[in-house]
Amino acid sequence: MTRKIFGSPPTCVAAAMLCVATLAVGSPAQASGDEGDAVLDLINATRAANGCGPLALNPQLTAAAARHALDVLHNGAEGHVGTDGSSISQRVRDAGYATNGSVGEVVFWGTGAARNPAAAVQWWMNSPGHRAIITDCGFTEAGFSAVSNGRKMSAAGDFGKR
């Protein structure tokens, strides 16, 4: 079983291993076989257990998350920077997401027994930086993607405040 946290680029809060960007910023739905909806359900249950309301599914954030999850899976992207040099800010902007608030991102990949949405959520909740994003009750909408090639699953979640 392999689990990996991805390092944060300089524009992210390195100590917390998360990205939060202030943006003033449309897009394809989840890919076939994408388990992003299962991740959303698990995240919303986790948020409820931590006193937060549920996240509403946002198609632009879903598209941004899918772009990064697929990049992690197929191209080996690590962290919050895509192999094309994109940041979370760029991906959500490219997807057409407009906010006067902030966005946050969680990224995971796993193999073996860690190749499922529950393992991703469990791992994120054991990581202080990721847990901080998931339990930030100010985030009201999100998009998730969890894709697999049979050997490896990658998951990404983008959270938004408006």
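The legends below describe close-up views of a predicted model.

**View 1. Helix α1 and its two sides.** Helix α1 covers residues 36-49, 14 residues in total, and spans 20 Å between its first and last C-alpha, close to the 20 Å expected at 1.5 Å a residue. Its buried residues are G36, V39, L40, I43, N44, T46 and R47. These buried residues lie on the same side of α1, because the arc they cover around the axis is only 160 degrees. An α-helix has 3.6 residues a turn, so residues three or four places apart point the same way. The other side of α1 carries D41, A48 and A49, which are exposed.

**View 2. What lies over the buried side of α1, and the residue after the helix.** Among the elements that cover the buried residues of α1 are two helices, α4 (117-125) and α5 (128-134). Strands also contribute to this cover, including β3 (56-57), β5 (141-148) and β6 (152-160). G51 follows α1 and has a positive phi, near 80 degrees.

**View 3. Helix α4 and its N-terminal cap.** Helix α4, part of the cover over α1, is itself largely enclosed by the rest of the structure, because 7 of its 9 residues are buried. The buried residues of α4 are P117, A119, A120, V121, W123, W124 and M125. At the N-terminal end of α4, N116 acts as the cap, with a side-chain oxygen 3.1 Å from the backbone nitrogen of A118.

**View 4. Strand β4 and its pairing with β6.** Strand β4 runs over residues 102-111 and is mostly covered, with 9 of its 10 residues buried. The pairing between β4 and β6 is antiparallel and comprises 9 bridges. V107 has A156, in β6, as its bridge partner. Strand β6 also appears in View 2, as part of the cover over the buried residues of α1.

**View 5. The surroundings of E141 in strand β5.** E141 belongs to strand β5. With a relative accessible area of 12%, E141 counts as buried because the cut-off for buried is under 20%. The side chain of E141 makes a polar contact of 2.5 Å with the side chain of R162. A polar contact of 3.3 Å joins the side chain of E141 to that of N58. Leaving out residues up to four places away in sequence, E141 touches L55, A56, N58, L61, Y97, D158, F159, G160 and R162. Both polar partners, N58 and R162, are in this list of contacts.

How values were computed
Residues numbered from 1 in each chain as written. Predicted model: local features only at pLDDT ≥ 70, side-chain atom pairs only at ≥ 80, totals over all residues. Heavy atoms only, no water. Helix = DSSP H or I, 4+ residues; strand = E, 2+ residues; numbered from the N terminus. Expected span 1.5 Å × (residues − 1). Buried < 20%, exposed > 50% of the residue type's maximum accessible area, 1.4 Å probe, protein only. Arc of directions from axis to C-beta. Contact = heavy atoms within 4.5 Å. Pairing = 2+ DSSP bridges. Polar contact = N/O pair within 3.5 Å; in protein donor to acceptor, adjacent residues only side chain to side chain.
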